[in-house]
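Work through the exercises below with the sequence and the 3D view open. Each task is followed by a solution in steps.

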Amino acid sequence: MTQYGFYVNTDICIGCKACMTSCFDRNDLEAPEKFRKVWEFGGGEWTKDDAGAFTQAAFAYYVSMTCGQCEDPACVKHCPTGAMQKDLETGIVNNDKSICIGCMTCEKSCPYNHPVKLADGFSHKCVMCTDRSEDAAFDPVCAKACPVRAIEFGSIEDLRAAHEVRRSEERRVGKECR
(Lines give C-alpha, C1' and ligand atoms only; values in the text may rest on other atoms or scores of the structure.)
Protein backbone atom coordinates (compact mmCIF):
# COMPACT_ATOMS: atom_id res chain seq x y z
CA MET A 1 0.00 0.00 0.00
CA THR A 2 1.15 3.52 -0.77
CA GLN A 3 -0.11 6.04 1.75
CA TYR A 4 -0.76 9.46 0.24
CA GLY A 5 -0.95 12.77 2.04
CA PHE A 6 -0.22 16.47 2.18
CA TYR A 7 2.67 18.50 3.50
CA VAL A 8 1.83 22.10 4.41
CA ASN A 9 4.71 24.53 4.72
CA THR A 10 3.48 26.92 7.41
CA ASP A 11 6.53 29.14 6.84
CA ILE A 12 5.21 30.27 3.46
CA CYS A 13 1.42 29.85 3.77
CA ILE A 14 -0.15 33.31 3.56
CA GLY A 15 -3.62 32.31 4.74
CA CYS A 16 -5.32 33.30 1.48
CA LYS A 17 -7.68 30.29 1.68
CA ALA A 18 -7.40 29.52 -2.04
CA CYS A 19 -7.01 25.84 -1.07
CA MET A 20 -10.18 25.95 0.99
CA THR A 21 -12.14 27.80 -1.70
CA SER A 22 -11.05 25.46 -4.50
CA CYS A 23 -12.05 22.43 -2.41
CA PHE A 24 -15.37 24.08 -1.56
CA ASP A 25 -16.10 24.71 -5.26
CA ARG A 26 -14.90 21.33 -6.51
CA ASN A 27 -17.08 19.46 -4.03
CA ASP A 28 -20.14 21.67 -4.55
CA LEU A 29 -20.30 22.43 -0.84
CA GLU A 30 -22.57 25.02 0.74
CA ALA A 31 -21.65 27.37 3.58
CA PRO A 32 -20.62 26.50 6.26
CA GLU A 33 -19.52 23.06 4.94
CA LYS A 34 -15.77 22.62 4.51
CA PHE A 35 -13.47 19.67 3.82
CA ARG A 36 -10.34 21.84 4.12
CA LYS A 37 -9.99 24.54 6.75
CA VAL A 38 -7.37 27.26 7.14
CA TRP A 39 -6.65 28.15 10.74
CA GLU A 40 -4.88 31.32 11.86
CA PHE A 41 -2.77 31.29 14.99
CA GLY A 42 -1.33 34.44 16.43
CA GLY A 43 -0.08 36.03 19.55
CA GLY A 44 2.43 38.38 20.97
CA GLU A 45 2.93 40.76 23.80
CA TRP A 46 3.16 44.43 24.57
CA THR A 47 6.38 45.71 26.08
CA LYS A 48 7.04 49.06 27.72
CA ASP A 49 10.32 50.76 26.89
CA ASP A 50 12.32 53.15 29.10
CA ALA A 51 10.39 56.16 27.77
CA GLY A 52 7.06 54.60 28.71
CA ALA A 53 6.03 53.82 25.15
CA PHE A 54 4.50 50.47 24.34
CA THR A 55 5.52 48.33 21.40
CA GLN A 56 4.05 45.09 20.25
CA ALA A 57 5.93 41.97 19.24
CA ALA A 58 3.34 39.97 17.29
CA PHE A 59 3.34 36.80 15.26
CA ALA A 60 0.83 34.97 13.10
CA TYR A 61 0.90 31.83 11.03
CA TYR A 62 -1.60 29.76 9.12
CA VAL A 63 -2.26 26.05 8.94
CA SER A 64 -4.28 24.48 6.14
CA MET A 65 -5.84 21.23 7.36
CA THR A 66 -8.00 18.47 6.01
CA CYS A 67 -8.40 14.77 6.75
CA GLY A 68 -5.02 13.25 7.58
CA GLN A 69 -6.01 9.83 6.16
CA CYS A 70 -4.61 8.48 9.44
CA GLU A 71 -2.60 5.29 9.60
CA ASP A 72 -4.93 3.97 12.31
CA PRO A 73 -8.05 6.15 11.95
CA ALA A 74 -10.23 6.72 15.00
CA CYS A 75 -13.20 7.36 12.70
CA VAL A 76 -12.91 3.81 11.32
CA LYS A 77 -12.49 2.28 14.78
CA HIS A 78 -15.55 4.01 16.21
CA CYS A 79 -17.98 3.85 13.29
CA PRO A 80 -20.88 1.77 14.66
CA THR A 81 -21.97 0.44 11.24
CA GLY A 82 -18.55 -0.15 9.67
CA ALA A 83 -19.34 2.41 6.97
CA MET A 84 -16.05 4.24 7.54
CA GLN A 85 -13.18 2.23 6.02
CA LYS A 86 -9.55 2.72 4.97
CA ASP A 87 -8.69 1.69 1.40
CA LEU A 88 -5.72 -0.68 1.62
CA GLU A 89 -4.29 0.35 -1.77
CA THR A 90 -4.37 4.14 -1.43
CA GLY A 91 -4.72 4.69 2.30
CA ILE A 92 -7.76 6.90 1.72
CA VAL A 93 -10.38 6.84 4.46
CA ASN A 94 -13.94 7.05 3.18
CA ASN A 95 -17.38 5.84 4.06
CA ASP A 96 -19.99 3.73 2.39
CA LYS A 97 -23.10 5.92 2.15
CA SER A 98 -25.29 2.83 1.73
CA ILE A 99 -24.63 1.81 5.35
CA CYS A 100 -23.80 5.20 6.93
CA ILE A 101 -26.54 6.26 9.36
CA GLY A 102 -25.36 9.87 9.75
CA CYS A 103 -24.67 9.55 13.48
CA MET A 104 -21.40 11.49 13.09
CA THR A 105 -19.50 9.28 15.54
CA CYS A 106 -16.69 9.56 12.98
CA GLU A 107 -16.52 13.35 13.42
CA LYS A 108 -16.73 13.12 17.20
CA SER A 109 -13.87 10.60 17.35
CA CYS A 110 -11.61 12.34 14.80
CA PRO A 111 -8.84 14.40 16.43
CA TYR A 112 -9.12 16.81 13.48
CA ASN A 113 -12.93 17.08 13.65
CA HIS A 114 -12.92 16.30 9.96
CA PRO A 115 -15.84 14.31 8.59
CA VAL A 116 -18.77 16.67 8.10
CA LYS A 117 -22.48 16.07 7.75
CA LEU A 118 -23.81 17.40 4.46
CA ALA A 119 -27.38 18.16 3.39
CA ASP A 120 -27.99 14.51 2.51
CA GLY A 121 -27.58 13.65 6.22
CA PHE A 122 -24.46 11.52 5.77
CA SER A 123 -20.82 11.87 6.72
CA HIS A 124 -18.53 13.24 4.00
CA LYS A 125 -14.82 14.08 3.93
CA CYS A 126 -11.73 14.75 1.86
CA VAL A 127 -10.87 11.83 -0.41
CA MET A 128 -8.00 13.66 -2.14
CA CYS A 129 -10.15 14.41 -5.20
CA THR A 130 -10.37 10.75 -6.26
CA ASP A 131 -14.15 10.50 -6.12
CA ARG A 132 -14.86 11.96 -9.57
CA SER A 133 -12.08 10.35 -11.55
CA GLU A 134 -12.70 7.18 -13.50
CA ASP A 135 -9.21 5.88 -12.82
CA ALA A 136 -9.11 7.20 -9.21
CA ALA A 137 -6.09 9.32 -10.14
CA PHE A 138 -4.95 11.81 -7.54
CA ASP A 139 -5.29 15.42 -8.56
CA PRO A 140 -6.09 17.43 -5.41
CA VAL A 141 -7.36 20.89 -6.32
CA CYS A 142 -6.21 22.37 -3.01
CA ALA A 143 -2.54 21.77 -3.81
CA LYS A 144 -2.94 23.10 -7.35
CA ALA A 145 -4.76 26.24 -6.15
CA CYS A 146 -2.13 27.35 -3.64
CA PRO A 147 -0.51 30.48 -5.12
CA VAL A 148 2.68 30.10 -3.06
CA ARG A 149 2.85 26.29 -3.35
CA ALA A 150 2.68 25.81 0.42
CA ILE A 151 0.74 22.55 -0.04
CA GLU A 152 2.53 19.56 -1.48
CA PHE A 153 0.78 16.30 -2.32
CA GLY A 154 2.36 12.89 -2.74
CA SER A 155 3.21 9.65 -1.06
CA ILE A 156 3.94 10.04 2.63
CA GLU A 157 7.27 8.31 2.07
CA ASP A 158 8.33 10.89 -0.56
CA LEU A 159 7.07 13.82 1.50
CA ARG A 160 8.94 12.63 4.58
CA ALA A 161 12.13 12.18 2.57
CA ALA A 162 11.82 15.65 1.05
CA HIS A 163 11.23 17.32 4.40
CA GLU A 164 13.41 15.22 6.72
CA VAL A 165 15.44 18.18 8.01
CA ARG A 166 12.31 20.06 8.97
CA ARG A 167 10.84 16.99 10.68
CA SER A 168 13.96 16.50 12.81
CA GLU A 169 13.88 20.19 13.81
CA GLU A 170 10.22 19.88 14.80
CA ARG A 171 10.93 16.78 16.86
CA ARG A 172 13.74 18.59 18.70
CA VAL A 173 11.58 21.68 19.36
CA GLY A 174 8.66 19.51 20.43
CA LYS A 175 10.78 17.74 23.04
CA GLU A 176 12.02 21.07 24.44
CA CYS A 177 8.46 22.39 24.78
CA ARG A 178 7.17 19.47 26.85
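**Exercise 1: A residue and its contacts**

Task: Which residues is S123 in contact with, leaving aside its neighbours within four places in sequence?

Solution. Keep in mind that this is a predicted model.

Step 1. With the neighbours within four places in sequence set aside, the contacts of S123 are M84, N95, K97, C100, M104, C106, P115 and V116.

Step 2. Place the residue: S123 belongs to strand β7, which covers residues 123-124.

Step 3. Decide on burial. The relative accessible area of S123 is 2%, and buried means under 20%, so S123 is buried.

**Exercise 2: The chain as a whole**

Task: How many helices and strands does the protein chain have, and in what order do the elements run?

Solution.

Step 1. The count gives six helices and eight strands.

Step 2. Starting at the N terminus, the order is β-α-β-β-α-β-β-α-β-β-α-β-α-α.

Step 3. Add the burial: of the 178 residues in the protein chain, 37% are buried.

Step 4. Add the surface: the chain exposes about 11,000 Å², and 52% of this comes from carbon and sulfur atoms.

Step 5. Look at the contacts between residues at least 6 apart in sequence: 55% of them join residues at least 24 apart.

**Exercise 3: Aromatic rings**

Task: Is the pair of Y4 and F153 stacked or edge-to-face, and why?

Solution.

Step 1. Recall how such pairs are described: by the distance of the ring centres and the angle of the planes.

Step 2. Search the whole structure; three aromatic pairs are found.

Step 3. Take Y4 and F153. Their ring centres are 5.9 Å apart and their planes stand at 15°; planes under 30 degrees apart count as stacked, so this pair is stacked.

Step 4. Locate the partners. Y4 is in strand β1 (residues 4-8) and F153 in strand β8 (residues 151-155), so the pair links distant parts of the chain, 149 residues apart.

Step 5. Check exposure. Y4 has 21% relative accessibility and counts as partly exposed; F153, at 24%, is also partly exposed.

Step 6. Turn to F6 and F153. This pair is tilted, with 5.4 Å from centre to centre and 55° between the planes. F6 lies in strand β1 and F153 in strand β8, 147 residues apart.

Step 7. Put the rings together: Y4, F6 and F153 make up one aromatic cluster. In addition, R36 lies over the face of F6, 4.7 Å from the ring centre.

**Exercise 4: Nonpolar cores**

Task: How many residues are in the largest nonpolar core, and which of them have the most contacts inside it?

Solution.

Step 1. The largest core contains 18 residues. Those with the most contacts inside it are F6, C19, F35, L118, C126, M128 and I151.

Step 2. Assign residues to elements: β1, α1 (18-26) and α4 (141-145) each supply at least two residues of this core. The element that gives the most is α1, with three residues.

Step 3. Follow one member. Apart from its neighbours within four places in sequence, L118 is in contact with L29, E33, F35 and H124.

Step 4. Find the second core, which is separate and has eight residues, including C75, A83, M84 and C106.

**Exercise 5: An arginine in a helix**

Task: Is R26 buried or exposed?

Solution.

Step 1. R26 is found in helix α1.

Step 2. Its relative accessible area is 15%, which is under the 20% limit, so R26 is buried.

Step 3. List the contacts. Without neighbours within four places in sequence, R26 is in contact with C129, T130, D131, R132 and V141.

Step 4. Compare the separations for R26 and R132: 106 residues in sequence, and 9.9 Å in space from C-alpha to C-alpha.

**Exercise 6: Cysteines**

Task: How many disulfides are there?

Solution.

Step 1. Apply the cut-off for a disulfide, two cysteine sulfur atoms within 2.5 Å. The count is zero.

Step 2. Check C13: the nearest cysteine sulfur belongs to C146 and is 6.4 Å away, and C13 is in no disulfide. C13 is buried, at a relative accessible area of 17%.

Step 3. Check C103: the nearest cysteine sulfur is that of C79, 6.2 Å away, and C103 is in no disulfide. C103 has 31% relative accessibility and counts as partly exposed.

Notes:
Residues numbered from 1 in each chain as written. Predicted model: local features only at pLDDT ≥ 70, side-chain atom pairs only at ≥ 80, totals over all residues. Heavy atoms only, no water. Phe/Tyr/Trp six-rings, centres within 6.5 Å; stacked < 30°, edge-to-face > 60°. Helix = DSSP H or I, 4+ residues; strand = E, 2+ residues; numbered from the N terminus. Buried < 20%, exposed > 50% of the residue type's maximum accessible area, 1.4 Å probe, protein only. Lys NZ or Arg CZ within 6 Å of the ring centre and 35° of its normal. Core = buried A, V, L, I, M, F, W, Y, C linked by side-chain atoms within 4.5 Å. Contact = heavy atoms within 4.5 Å. Areas by Shrake-Rupley, 256 points an atom, 1.4 Å probe, with all protein chains shown as cover.
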